[in-house]
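Me: I am new to this structure and would like a close look at one part of it, with the terms explained along the way.

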Amino acid sequence: MLKKPLIISIAAVSGGGKTTVIQLLNNELANSIALFFDNYDFEGPDNLIEWAHQGGDYNEWKLSPLINDLRIILDNKDTQNDYILLDYPFAYLNKEMNEFIDLTIFIDTPLDVAMARRILRDFNYSSAEEIRLDMQSYLSGAREAYLAMLNSVKPNSDVIIDGTQGRNELVESIKQQITNHLKVTH
């Protein structure tokens with residue numbers, strides 16, 4: 001009988017550190033594979049700000065491409081993964097994904113830190129005008145989408161990690177949480 005891998009979902013606001021942490025974890029954990037939400041095209045709300053204003057129903061997202069990849073990994077008899085790491089922003093809030101996830105971790109990064117990281121990451125070669133327009137978008141409604149995530153995804157996560165830690169400390173904190181989870185479930 002095949003051993004089921006531990007499926008770990010890691011969420012954070014944009015700029016919260018989830019992608020970097022998952023890449024580092026994937027390098028450190030033996031027999032792991034990582035899937036990244038942003039690598040998929042999903043059917044979902046057209047306007048995230050409007051979606052957040054209307055209460056942000058996470059079941060409006062049709063996650064079939066990610067679910068199909070998960071099933072392929074889980075059904076593959078030739079490769080045994082101990083861990084599947086998901087860069088996935090919804091914790092347990094999408095019913096289609098619930099059956100797969102064993103542990104949800106939320107990296108709680110203050111919005112100002114996340115914004116600074118996002119600007120450094122996304123606007124390295126941008127003009128001041130492009131940065132200004134992004135800040136206007138943030139203040140005129142995008143911030144509410146970030147707050148909606150803090151108000152819904154964070155409380156629906158199993159573990160909350162301090163996102164102000166350095167990346168190596170974040171990885172070690174998450175590895176400790178994985179160890180703790182395995183002790184409880186086995």
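In which loop is Ala 91 found? Please take that residue as the starting point and work outwards from there.

Reply: A word on the model comes before the details. This is a predicted model, in which local features need pLDDT of at least 70 and side-chain atom pairs count only at pLDDT 80 or more, while totals for chains, interfaces and linings use all residues. Residues are numbered from 1 along each chain as its sequence is written, and side-chain values use heavy atoms, with hydrogens and water left out.

Ala 91 is found in the loop between strand 3 and helix 4 (95–98), where helices (H or I, at least four residues) and strands (E, at least two) are DSSP runs numbered from the N terminus. Its phi is near 50°, a positive value in a residue other than glycine. With a relative accessible area of 0%, Ala 91 is buried; that word stands for under 20% relative accessible area, whereas exposed means over 50% and partly exposed lies in between, using a 1.4 Å probe and protein chains only.

Ala 91 is also one of the residues in contact with Ser 9, a list that leaves aside neighbours within four places in sequence and includes Leu 86, Tyr 88 and Ile 105; contact here means heavy atoms within 4.5 Å. Ser 9 lies in strand 1 and, at 1% relative accessibility, counts as buried. The strand around it follows suit: 6 of the 6 residues of strand 1 (residues 6–11) are buried, so the strand is largely enclosed by the rest of the structure. Leu 6, Ile 8 and Ile 10 cover one side, with Ile 7, Ser 9 and Ala 11 on the other.

Strand 1 pairs in the parallel sense with strand 3 (residues 83–87) over 5 bridges, pairing being assigned if DSSP finds at least two bridges between two strands. Within that pairing, Ile 8 has Leu 85 as its bridge partner. Strand 1 also runs parallel to strand 4 (residues 103–108), joined to it by 4 bridges, and Ile 10 stands opposite Ile 105 there.

Two of the contacts of Ser 9, Leu 86 and Tyr 88, reappear in the largest nonpolar core, which has 34 residues and in which Leu 63, Leu 86, Tyr 88 and Met 97 have the most contacts. Such a core is a set of buried Ala, Val, Leu, Ile, Met, Phe, Trp, Tyr and Cys residues joined through side-chain atoms within 4.5 Å. Strand 1 and strand 3 are among the elements that give two or more residues to this core.
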